Amino acid sequence: MAVSLAIIIILGLAADYLFRKMKLPGLVGMLLVGVGAGPYVLGLIRPEMMEVSGDLRKIALIVILLRAGFELHRDTLNRVGRAALLMSAVPAVFEIAGVMLVAPRWLGLSLIEAAILGSILAAVSPAVVVPLMIDFMDRGRGVKKGIPTLVLAASSVDDVFVIVLFSIFLGMYGGGEVHVCAKLAEIPVSIGLGIFMGLLPGYLLYRLFVTYDWRPPKRTLLVLGVSIALTWLESALEPWVHAASLLGIMAIGFIILEKSEPIAHLISQELKKLWVFAELILFVLVGAQVNIHVAWQAGLAGTAVIVVGLLFRSAGVYLSLLGTALHWKEKLFCVVAYVPKATVQAAIGAVPLAAGVASGEVILAVAVLSILLTAPLGAVGITLLGERILDRSELSIYKFRELRERLALPRVGERVRSKRYGTVWKVIEEKETWLSSSEAGGSHGGHDGRLVPAIHIRFWREDTSKGPGTGKTMTYLYSIADPSFQEHWEILYDW
């Protein structure tokens, strides 16, 4: 398994680099590496790695969903709430209807088999969509109208809605008694229980971090461990009630962000570093799950069914956005953002075949084909359209994030050491402000009247005999004209 891991890292990083050089999403290259190195093509990834692939992909998905939670501001969610609610259900219903309309004739499926296929195809891939939306949020793209948050929230609930519909249709095919109303009632119960499962431990974690002032690595690992435990709890409760643990994972980040933004940002930065490795694992192993020989069996008819489903889905997205402040180009971006399919299709595509559905092989073939077609095309479409369509305000709060990353500035609660004097200080306060370019000074100064971001950071000299608020403090102002923080300081990451 160690050799397989080395292959994933080396080939995945190489593909990521090459695709980014071509101005394409790196995840597309990782997916293609997984397809090629997987057991259905070259077989470079060993069987023992594929046996634990599901757990590794789940952990990687947890990392990116946690990052998503730490980006969900309540005011933004309030602004996009109605549209997100509609987009979580209407496009999926439209896509299922479109597949049911054409699949019986083109693929020879019964109407209920077409409904099963439609419910598999109707799920958006959080593995593809969430990282791209977070990247836009990191760079302040579309945040004025909350477009990345809208897509994030809607796509997360969409998966819950679709999986419940899938269980209804599969139960109806088996001839057993299915209480449709009771099953549909599971949707709000699943969503509500999942969110509660995240809010409660998230609040307890916040209280723990405030009380004991743990270092960022410990905090991050504990948050990750609790999130993994939530997915186990979902499985344990499954015989009685379904709980959307993935929503709960996002809720952990949300509540910590609401209660303490400095702590949330510290954890988010650690998760961002962890995501570099988790991204490789997620996308290469998702690609390795794809059996291109099975996908080939779907042929042109399967491709046509997928395209019709996407057209119906696009109409559903557009209708969900009527009455919002988005102009037609931004609505088009949301339509494209709802195209990628990968994780859900890979997870449940083979379930009908295992359950004895007569057309199970056809359903699996079309599900696999949908991953090959929509994951790369959707990722490329989201990236290209996002760069051209999503707005970026000159006074965006995300300019401060760029400044922090450029200068490698510390956050409140972090400890730093002076490289010149060896003294240890703790960041106890920070304030974001805008300066005129002439005030910023340095090589980036001037008198053009532009406003540039700047951050005041207040340090306290650590002294075991004195508490914070007493003893020596000092304040520095950092702007784009200043050198990197690391030239004169080092951030201490002790445990």
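Let's start with two helices, α14 and α18, which are roughly perpendicular to each other in this predicted model. Where does that description come from? Their axes cross at roughly 75°, and an angle of 65 to 115 degrees counts as roughly perpendicular. Helix α14 covers residues 292-320 and helix α18 covers residues 360-389, and their axes come within 7 Å.

Now look at who is touching whom. On the α14 side, the residues in contact include Ile-292, Val-294, Ala-298, Gly-302, Ile-306 and Leu-310. On the α18 side, among them are Leu-364, Val-368, Leu-369, Leu-372 and Leu-373. What classes of residue make up this contact? There are 13 nonpolar and 6 polar residues, and no charged ones.

Keep your eye on α18, as it turns up again in a cavity. The structure holds 1 cavity of 30 Å³ or more, and the largest cavity has a volume of about 70 Å³. Its lining is made of Leu-31, Leu-32, Val-35, Gly-287, Val-290, Ile-371, Leu-372, Ala-375 and Pro-376. You've met Leu-372 already, in the contact between α14 and α18. The elements giving two or more residues to this cavity's lining are α2 and α18, and the largest share, 4 residues, comes from α18. By class, the lining of the largest cavity splits into 8 nonpolar residues, 1 polar residue and no charged ones.

Let's zoom out to the whole chain for a moment. The protein is divided into domain 1, residues 1-389, and domain 2, residues 397-492. How far apart are their C-alpha centres? The answer is 38 Å. The two domains still touch, with 13 residues from domain 1 and 10 residues from domain 2 taking part in the contact.

That brings us to the second largest pocket, with a volume of about 760 Å³. Where does this pocket lie? Domain 1 and domain 2 both give residues to its lining, so it lies between them. In total, 30 residues line the second largest pocket, and Arg-20, Pro-131, Asp-135, Arg-139 and Glu-279 lie nearest its centre. Several helices give two or more residues here, including α1 (2-21), α8 (126-138), α13 (261-288) and α19 (398-407), and our old friend α18 is one of them too. If you sort the lining by class, you get 14 nonpolar, 2 polar and 14 charged residues.

Finally, head over to the largest pocket, which has a volume of about 1100 Å³. It is lined by 33 residues, and the closest to its centre are Ile-163, Glu-234, His-242, Leu-246 and Ala-347. Which helix gives the most to this lining? That is α9, with 6 residues. Other elements giving two or more residues include α10 (180-212), α11 (216-237), α12 (245-259) and α16 (343-348). Helix α4 (53-69) gives two or more residues here as well, and α4 also does so for the second largest pocket. By class, the lining of the largest pocket has 17 nonpolar, 9 polar and 7 charged residues.

How values were computed: Residues numbered from 1 in each chain as written. Predicted model: local features only at pLDDT ≥ 70, side-chain atom pairs only at ≥ 80, totals over all residues. Heavy atoms only, no water. Axes fitted to C-alpha atoms, helices over the stretch in contact; angles between N-to-C directions. Parallel < 35°, antiparallel > 145°, perpendicular 65-115°, else oblique. Contact = heavy atoms within 4.5 Å. Nonpolar A, V, L, I, M, F, W, Y, C, P; charged D, E, K, R; others polar. 1 Å grid on protein atoms, 1.4 Å probe; cavity = no way out; pocket = protein on both sides within 12 Å on 5 of 7 lines; lining within 4 Å. Points joined across faces, edges and corners; volume = space filled by probe spheres on them. Domains from an automatic or database assignment.
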